[in-house]
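Open the model in your viewer and keep the sequence beside it. This tour goes stop by stop, with something to select at each one.

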Amino acid sequence: MPRQAAPKLGAMTLAELVQLRDRVQTALSGKIEAERVALQRQINELSSLTTSSPGNGRSETRVGRGRRPAGGRRAGNGKSHPLKGRTVAPKYRDPANPDQTWAGRGQAPRWLVAYESQGRKREEFLIGAAAAGRTKGRRRK
């Protein structure tokens, strides 16, 4: 289709502008319908690539990278970290309540934060060997 010269809109009458608008609207409607048909054809082709398993009512796709395992987790090498689930020996103990201890990991417990807000040092609450290794005045290099 040869390219037509652009109409000078300012020189056109009102009736000519309305007629031009109707022609543009008709052309747009035709293009949109053609795109809709093409997209529906692509959807039908993609859905034909999907097969349904007769037993479970779920569908599996033959294209793509595969499905994730149940639970939404990614499949790793099947091994967990060797230290996962191990408990750590307590490093700090509350002198007022010896049952309250802290391993030094994560957020500090409330009892320790309360002592620190009173001006006491965290080293005062160290347990056993950890406390014996730290003496006043010694610095590690």
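Start with a term: a residue is buried when its relative accessible area is under 20%, exposed when that area is over 50%, and partly exposed in between. Now select proline 95. Its relative accessible area is 49%, so proline 95 is partly exposed. Keep that scale in mind for the later stops.

**The whole chain**

Zoom out. This is a predicted model. Colour it by secondary structure. You should find 3 helices and 4 strands. From one end of the sequence to the other, the order is α-β-β-β-β-α-α. The protein has 141 residues, and buried ones make up 8% of them.

**Confidence**

Next, colour by pLDDT. The mean for the protein is 80. A value of 70 or more is reached by 72% of the residues. Where is confidence lowest, and where is it highest? Select residues 59-61: this is strand 2, the lowest, with a mean of 52. Then select residues 110-117: this is helix 2, the highest, at 95. Where pLDDT is low, the predicted coordinates should not be read in detail.

**The aromatic cluster**

Stay with helix 2. The protein has 4 aromatic pairs. Show the side chains of tryptophan 111 and tyrosine 115, which make one of these pairs. Their rings meet edge-to-face, with centres 6.4 Å apart and planes at 75°. Why are these two separated by about one helical turn? Because they are 4 residues apart in helix 2.

Check how accessible each one is. Tryptophan 111 has 12% relative accessibility, so it counts as buried. Tyrosine 115 has 13%, so tyrosine 115 counts as buried too.

Add phenylalanine 125. With tryptophan 111 it forms an aromatic pair that is also edge-to-face, at 6.1 Å centre to centre and 80° between the planes. This pair links distant parts of the chain, 14 residues apart. Tryptophan 111 is in helix 2, while phenylalanine 125 is in the loop between helix 2 and helix 3 (128-132). Are tryptophan 111 and phenylalanine 125 buried or exposed? Both are buried. Show Trp111, Tyr115 and Phe125 together: ring pairs link them into a cluster.

Now select arginine 120. Its charged end sits over the ring of tyrosine 115, 4.9 Å from the ring centre.

**Back to proline 95**

Return to proline 95. Which loop holds it? Proline 95 is in the loop between strand 3 (92-93) and strand 4 (101-102). Draw a distance from its C-alpha atom to that of tryptophan 111. The value is 10.0 Å, for two residues 16 apart along the chain.

**Leucine 9 and helix 1**

Go to leucine 9, in the segment before helix 1 (14-48). Its relative accessibility is 48%, so leucine 9 counts as partly exposed. Then pick leucine 20, which is 11 residues from leucine 9 along the chain. The C-alpha atoms of the two leucines are 9.7 Å apart.

**The largest pocket**

Keep leucine 20 selected for the last stop. Which residues lie nearest the centre of the largest pocket? They are Gln4, Pro7, Leu20, Arg23 and Val24, among 14 residues that line it. Show a surface around them. The pocket's volume is about 410 Å³. What kinds of residue make up the lining? Colour them by type: 9 are nonpolar, 2 polar and 3 charged.

Technical notes: Residues numbered from 1 in each chain as written. Heavy atoms only, no water. 1 Å grid on protein atoms, 1.4 Å probe; cavity = no way out; pocket = protein on both sides within 12 Å on 5 of 7 lines; lining within 4 Å. Points joined across faces, edges and corners; volume = space filled by probe spheres on them. Nonpolar A, V, L, I, M, F, W, Y, C, P; charged D, E, K, R; others polar. pLDDT = per-residue confidence, 0-100. Phe/Tyr/Trp six-rings, centres within 6.5 Å; stacked < 30°, edge-to-face > 60°. Buried < 20%, exposed > 50% of the residue type's maximum accessible area, 1.4 Å probe, protein only. Lys NZ or Arg CZ within 6 Å of the ring centre and 35° of its normal.
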